[in-house]
Amino acid sequence: MPGSERRCKLTRFPRVLLVLFILAVLIASCTSTPASGSDSQVLKVTATTSIVADIVRQVGGDFVQVTTLVPIGTDEHQYQPTPQDVANVSHASIVFESGLGLEQFMDKLVQNAGGSAHVVVVSDGITPLQFTGDIKHPDEPIPSSGGDPHVWVDPENVKVWVQNIEKALSEADPQHASQYALNAQQTTDSLTSLDEWIKTQVAVIPPSSRKIVTDHLIFGYFASRYGFDQVGAIVPSYSTTAEPSAQDLAALEDAIRSLHVTAIFLGANISSTLAERVAEDTGVKLVQIYTGSLTTSSGPAPTYQDYMRYNVTAIVNGLTGAK
Ligand SMILES: [Zn+2]
């Protein structure tokens with residue numbers, strides 16, 4: 001018995017040493033590693049929408065702290081900035097906006113924040129699309145604010161965002177440029193995978209059924225890349241702020257009937273009264289999608305990639321009759 005007790009003590013002793021050693025290593029590594037995520041080294045930036053903010057986060061990683069101006073689930077076309085937004089813009093090293101007329105509130109906001117904010121338009125370099133659907137509006141042309149601002153519904157355009165974001169972050173924080181380049185490459189790779197996934201998903205929709213009607217004209221770039229026809233919208237505009245006339249709605253209903261459209265895709269943050277009326281008149285179904293905003297982390301679209309996958313699944317199911 002005394003022998004076994006001694007053995008026991010002998011084996012216990014090195015374990016104590018081992019634990020002390022591990023603790024020492026941990027403490028040493030905590031104090032000697034540069035605090036990459038600490039406040040002193042983090043670049044504070046602001047993004048207009050949750051979609052832009054998500055891509056900035058993917059490229060910036062641990063070295064960037066991103067605040068978002070337009071809250072989740074809020075319509076960015078009609079957004080009115082708050083005093084907190086003015087403070088965020090004036091304190092941000094960079095303010096990222098999507099651009100092409102999407103954020104109508106930006107000019108005034110930047111002015112109210114002192115006018116010296118470093119604004120980066122992430123869509124710079126993308127050629128804007130003009131509406132080429134079947135519905136014509138001779139009396140009320142599509143607002144020509146540089147074309148369709150909803151560039152992000154084509155992942156190839158988001159690759160341009162990634163490049164612009166990487167460039168801006170690297171210029172503002174050259175110390176972490178190689179990390180931004182690595183993150184940008186990983187994000188670009190994930191966008192390539194997303195694009196391939198979308199192609200395989202939409203392949204099940206017969207070409208004759210690839211007709212998209214939405215609450216406002218959001219899917220132009222998606223239609224162009226994946227072989228759809230954006231037939232029209234409840235609000236025949238690139239913005240949700242316009243009011244459709246009775247003629248607009250009648251023309252849309254005619255198009256829905258004559259082109260055998262099967263679904264209207266409605267943004268989660270958009271009033272559905274008019275869409276419900278059109279759906280009732282024409283017998284098509286209403287399918288919920290996400291348009292200008294992601295969801296919170298507990299929702300189905302907390303990242304841009306999730307948002308696209310959710311919407312593509314909704315579109316495929318809506319146009320093929322699958323549940
Ligand atoms: Zn929109």
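Donors are N, O and S atoms within 2.8 Å of the metal. All views below show a predicted model.

**View 1. The zinc ion and its protein donors, H77, H150 and H216.** Each of these histidines offers its NE2 atom, and the donors lie 2.0 Å from the zinc ion. Along the sequence the donor residues follow the spacing H-x72-H-x65-H. H150 and H216 bring together distant parts of the chain, 66 residues apart. H150 sits in the loop between strand 4 (119-121) and helix 5, while H216 belongs to strand 5 (residues 211-216). Both H150 and H216 are buried.

**View 2. An open sheet of four strands in the order 2-1-3-4.** The pairing in this sheet is parallel. Strand 2 and strand 4 are the edge strands, and each of them pairs on one side only. Neighbouring strands are turned against each other by 30 degrees on average, direction ignored. Between strand 1 and strand 3 there are three bridges in the parallel sense. Helix 5 packs on the sheet and touches strand 1, strand 2, strand 3 and strand 4. The direction of helix 5 makes about 175 degrees with that of strand 3.

**View 3. T46, a residue of strand 1.** T46 stands opposite V95 in strand 3. The relative accessible area of T46 is 1%, so this residue counts as buried, the limit being under 20%. Leaving out residues up to four places away in sequence, T46 touches T67, L69, N88, A92, I94, V95 and F96.

**View 4. Helix 2 (residues 50-60) and what covers it.** Nine of the 11 residues of helix 2 are buried. Among them are I51, V52, I55, V56 and V59. The cover over the buried residues includes strand 1 (43-47), strand 2 (64-68) and strand 3 (94-97). Helix 5 (155-172), helix 6 (177-202) and helix 10 (304-320) also belong to this cover. Helix 2 lies across strand 1, strand 2 and strand 3, and runs at about 175 degrees to strand 2. After helix 2 comes G61, which has a positive phi, near 55 degrees.

**View 5. A salt bridge between the side chains of E156 and R225.** The N to O distance in this pair is 3.9 Å. E156 lies in helix 5 and R225 in helix 7 (residues 220-226), so the salt bridge ties together parts that are 69 residues apart in sequence. E156 is partly exposed, with a relative accessible area of 28%. R225 is also partly exposed, at 32%.

**View 6. Salt bridges within helix 5 and helix 6.** In helix 5, the side chains of E171 and K167 meet at 3.4 Å, N to O. These two residues are four apart, about one turn of the helix. E171 is exposed at 53% relative accessible area, and K167 is exposed at 52%. In helix 6, D195 and K199 form a salt bridge at 3.3 Å, N to O. D195 and K199 are also four residues apart. D195 is buried at 4% relative accessibility, whereas K199 is partly exposed at 42%. Salt bridges that share partners join D154, E156, K159, D195, K199 and R225 into one network.

**View 7. Q288 in strand 8 (residues 285-289).** Q288 is partly exposed, with 39% relative accessibility. The side chains of Q288 and Y290 are joined by a polar contact of 3.5 Å. Apart from residues up to four places away in sequence, Q288 touches L266, A268, Y310 and A314. F265 is 23 residues from Q288 in sequence, and their C-alpha atoms are 5.8 Å apart.

Conventions. Residues numbered from 1 in each chain as written. Predicted model: local features only at pLDDT ≥ 70, side-chain atom pairs only at ≥ 80, totals over all residues. Heavy atoms only, no water. Buried < 20%, exposed > 50% of the residue type's maximum accessible area, 1.4 Å probe, protein only. Contact = heavy atoms within 4.5 Å. Donors = N, O, S within 2.8 Å, 3.2 Å for Na, K, Ca; no water. Pairing = 2+ DSSP bridges. Axes fitted to C-alpha atoms, helices over the stretch in contact; angles between N-to-C directions. Polar contact = N/O pair within 3.5 Å; in protein donor to acceptor, adjacent residues only side chain to side chain. Salt bridge = Lys/Arg side-chain N within 4 Å of Asp/Glu carboxyl O.
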